[in-house]
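Biologist: Got a minute to walk me through this one? I'd like to go part by part.

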Amino acid sequence: MAAEWSSEVWPDWCPGCGNFGILSALKLALSELGVDRRSFVIVSGIGCSGKIAHFVRTSGVHTLHGRAIPFASGIKIANPELKVIVHGGDGDLLGIGMGHFIALGRRNIDVLVVIHNNGVYGLTKGQASPTLGKGLKTKSLVSPNIADPVNPILLGMMAGYTFLARGYAYNVEHLKSLLKAGLNHKGAGVIEVIQPCPTWNNVNTPEWVSNNTLYLKEWDPLVNKKEDLVQKMREIVSLEYGYKRPLGVILEDNTKETYQERITGLNEYYGESPPAKQKIESEGKPLPINFERTFGRYLI
Amino acid sequence: MDFNIIIGGPQGGGVETAGMLLIRAVASTGLEVLGVREYHSNIKGKHSYFHVRVADRAVSSIKLPADILGGLDPETLATHFSEVREGGVVVYDEAIEGKPLTKSPSMDPAKVSRLRSTLAERRINDSIEGLRNYLEKEGVRVYSLPFSKMISDILKGTSIPIERTMNTAITSAILSIMGFEKGIVYGAIDTLFAGKAGVLEVNRKVVDTVYEKLSVEKVRVVKKDERLEAGGKRGRRLLLAGAEAVAVGKIIGGLRFQTYYPITPAADESLAIEEIARVFDDDGRVIGTPIIVQTEDEISAIGMAIGGALTGARSATSTSGPGFSLMVEGFGWAGINEVPVVVTYYQRGGPSTGLPTRHSQSDLLFSIFAGHGEFSRIVIASGDHQEAMEDAIKCFNYAEIFQVPVIHLLDKGLANSVTALPVPPLDTAIDRGEVVDGTEEYKRFEFTESGISPRAFLGRSIQWYTGDEHNERGNISEDPLVREEMYRKRLEKRERILKEIPDEDKAKFYGSDAYEDLILTWGTTKGAAFDALPALNALGRNVALLQVRLMEPFPADYVCKFIAKARRVVSIEANYNGQLAWLISHYCRREVDNTVLKYNGRSISEDEVISAYRRVIEGEGRIVLTGGE
């Protein structure tokens with residue numbers, strides 16, 4: 001039951017906000033996946049979307065504008081037993097936080113990033129975000145947006161994310177299935193959620209969404225062999241530059257090692273004993289460290 | 001016995017190895033040593049040097065004039081010749097004899113123009129030969145030896161260029177002049193070039209040749225019996241740079257997760273931790289492994305470290321001024337969320353890029369005040385390698401006991417200086433503060449009598465954190481009463497910290513209780529003040545030293561008591577404004593009588609403190625030190 005996943009905090013989003021759909025889909029996905037709530041952590045950024053960390057009955061870390069990914073990365077690397085999801089807006093993750101967005105893809109840390117993409121900075125009254133189309137003028141803009149938009153899926157692909165999907169906030173069932181697939185994926189994932197903002201974005205409305213998106217039906221997102229990846233990436237570029245934005249799982253690349261596997265490759269001890277699981281004292285004193293073996297390089 | 005040696009050359013031209021060879025050799029005999037490294041922000045070509053002080057008693061600063069100067073290039077001789085004492089020694093390769101002093105393209109135009117005036121003033125011809133004539137006239141012993149010729153014979157048939165072994169040649173000459181047996185140099189070379197058989201063999205031959213040549217010259221500076229007496233007293237020691245001492249301390253203290261973005265001079269510490277990589281027990285079992293992550297920027301470094309701390313791993317990040325500037329927002333998040341994260345902060349010359357490789361103590365007030373809003377933090381400044389190692393452990397304890405972010409405030413002077421420390425006894429407490437396994441009803445920010453909310457790690461219970469003001473559960477609240485109570489909870493920790501941190505971590509007093517004058521200092525400047533103390537007392541005043549260690553919360557009760565007893569208070573620090581003096585005037589309601597300041601990017605030396613103190617006695621209020629190259 002998704003209700004079990006509701007916290008006691010009242011979601012203070014505007015009536016009709018796309019965030020409600022994302023919240024419902026997340027709670028349904030967690031419920032259906034049978035996630036252990038103590039080992040699940042929502043890490044969020046700043047803005048309307050960031051508040052989601054408070055609304056789910058699981059641990060929530062509501063961080064800084066643009067910085068959810070570093071916090072999430074630290075949590076996941078220090079304790080890989082935790083399942084970590086990032087929620088942030090398009091301004092948060094692709095504007096102020098874009099460097100971290102790219103870095104997470106390069107590392108392929110097992111963290112799923114959910115971008116609440118509404119094209120605007122809602123909480124500060126609707127300024128243009130990095131995903132707002134060029135020439136568009138949402139209602140609080142003084143003049144039309146003169147910057148080109150960034151495509152989160154293509155950016156994520158080039159950064160090395162191994163799971164890419166796009167959903168729509170008002171199609172909760174579909175979004176739930178994307179979240180489940182993303183949470184089951186091993187490695188860094190991105191779900192771009194097209195999220196109408198009824199208060200500030202009067203351009204990318206539900207009507208606009210239904211005219212400008214299509215649900216993927218025949219598309220195969222799977223890449224199981226390294227040599228197939230480049231061809232799949234070419235196909236994704238064509239798909240993304242098509243006349244409508246595709247909704248569904250776009251890439252599921254199973255060929256890359258996760259960051260945890262990469263660290264374990266350098267240091268086998270990490271796999272069995274990551275930072276949060278290590279004992280660091282012995283009866284209130286430091287561990288019985290052998291100086292010669294540990295710090296021998298400095299001994300004279 | 002107290003020796004000061006300068007060995008310099010072009011950056012990337014073997015100066016680092018020369019210095020380490022010298023330091024390793026003298027330290028292996030049991031002598032005390034401190035090597036201070038000066039270098040440009042440059043990979044190859046600019047002037048770089050090691051100032052190595054060797055003594056039979058502990059030394060924590062350098063001292064001029066130098067007894068010996070070894071030059072790998074003309075610029076070194078041109079830069080440092082005036083720093084050599086009468087009766088001192090200058091060593092260089094005869095092959096540079098004909099070169100001019102002022103023509104090295106690597107020289108800063110300002111330095112060239114200063115040098116031209118000096119040469120004109122002292123009637124020195126613009127050549128190494130001219131300098132030699134001058135120095136010999138001034139009573140300096142100049143050893144212009146045919147090193148290149150000697151080396152080129154050895155290098156025949158190898159692909160090693162002469163410059164690559166010039167450092168060994170000149171360092172061997174210095175060590176020979178100081179009276180060290182050849183075996184001692186071998187020992188240092190064997191360690192430095194371990195695993196490089198060919199290079200090792202060539203370097204050994206260079207040592208042989210130099211020793212043979214100098215035995216003909218029959219030069220001895222150090223008496224043999226002095227050296228052996230000093231050597232007999234030492235057990236096994238650690239030879240390390242300050243940044244490495246911190247790395248060792250952190251690992252002993254249970255560091256398991258460290259993040260960093262490359263920056264001078266902090267990056268050395270993270271590299272050292274990554275190299276150490278595994279903690280072993282006596283049976284050779286791995287009992288710990290710190291994980292290092294090189295992040296995309298410092299904003300990520302602090303964010304990741306905070307994330308690690310939330311999971312219960314002892315977590316830290318290490319940086320310098322520009323990096324900490326970027327971390328400030330995250331640092332505030334740790335403040336409002338009471339996260340025990342440690343920031344190891346190596347100060348360097350600012351603002352902006354400033355002097356990236358040079359010493360400074362100008363970020364004291366920044367580290368105390370950094371961040372918008374008000375929150376509790378701890379700032380601890382270590383004064384030497386030993387303290388830096390121990391404080392690295394204590395910083396984690398204090399962070400976890402009081403649940404506040406902690407800044408371990410260090411400086412470039414410490415980071416890059418090399419010394420030998422006794423192996424630490426592993427008896428510093430590890431105190432993780434109050435840790436619980438939360439339930440579903442767990443309140444991360446619960447109001448308690450002690451003012452500290454028991455901490456559950458992520459994964460042990462559901463919990464919320466937010467950079468917004470929050471209630472006991474950690475959910476956003478803008479309620480005025482919640483705000484007031486939560487705000488007070490965070491700020492009142494200050495009192496508890498001041499009550500519980502022991503006096504020796506607040507400040508250290510050196511000298512006689514019956515002092516008339518009190519010197520106040522902090523950070524590595526303590527070294528020069530401490531070393532100068534006997535000489536200052538010989539100037540006719542009873543002078544004591546107070547090194548402040550806990551910079552925030554400022555231990556006013558403890559420090560001001562010492563101030564109140566003093567007839568004269570003199571502060572010594574490496575900045576322009578007198579930042580410690582400012583804190584004293586704020587907290588103790590007393591203006592410091594004299595400030596001794598230095599902001600040219602070079603560490604304060606013992607002799608500078610002594611000469612500054614003469615000026616203090618003569619009544620000069622503000623004294624700016626200008627020494628160092």
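Modeller: Sure. Bear in mind that this is a predicted model. Chain B comes first: its domain assignment gives domain 1 (2-231), domain 2 (240-422), domain 3 (434-501) and domain 4 (503-625).

Biologist: How far apart are the C-alpha centres of domain 2 and domain 4 of chain B?

Modeller: Those centres lie 26 Å apart. The two domains are in contact, with 22 residues of domain 2 of chain B and 22 residues of domain 4 of chain B taking part.

Biologist: Which element gives the most on the domain 2 side?

Modeller: Strand 14 of chain B, with 4 residues. By class, that side of domain 2 has 10 nonpolar, 7 polar and 5 charged residues.

Biologist: Switching to the chains. How many residues does each put into the contact?

Modeller: Chain B puts in 71 residues and chain A 53. On the chain B side, helix 12 (residues 298-310) gives the most, with 9 residues. That side of chain B divides into 33 nonpolar, 22 polar and 16 charged residues.

Biologist: What about strands? Which way do strand 2 of chain A and strand 17 of chain B run, parallel or antiparallel?

Modeller: Parallel. Strand 2 (residues 59-62) of chain A is joined to strand 17 (residues 464-466) of chain B by 3 bridges. A:His62 stands opposite B:Thr466 in strand 17.

Biologist: Last one, helix 6 of chain A. Which residues are buried?

Modeller: In helix 6 (residues 152-159), the buried ones are A:Pro152, A:Ile153, A:Leu155, A:Gly156 and A:Met157.

Biologist: And what follows that helix?

Modeller: A:Gly160 follows helix 6 of chain A, and its phi is positive, near 105°.

Definitions and conventions
Residues numbered from 1 in each chain as written. Chains lettered and ligands numbered in written order. Predicted model: local features only at pLDDT ≥ 70, side-chain atom pairs only at ≥ 80, totals over all residues. Buried ≥ 20, exposed ≤ 12 C-beta atoms within 10 Å, placed from the backbone. Helix = DSSP H or I, 4+ residues; strand = E, 2+ residues; numbered from the N terminus. Contact = placed C-beta atoms within 7 Å. Nonpolar A, V, L, I, M, F, W, Y, C, P; charged D, E, K, R; others polar. Pairing = 2+ DSSP bridges. Domains from an automatic or database assignment.
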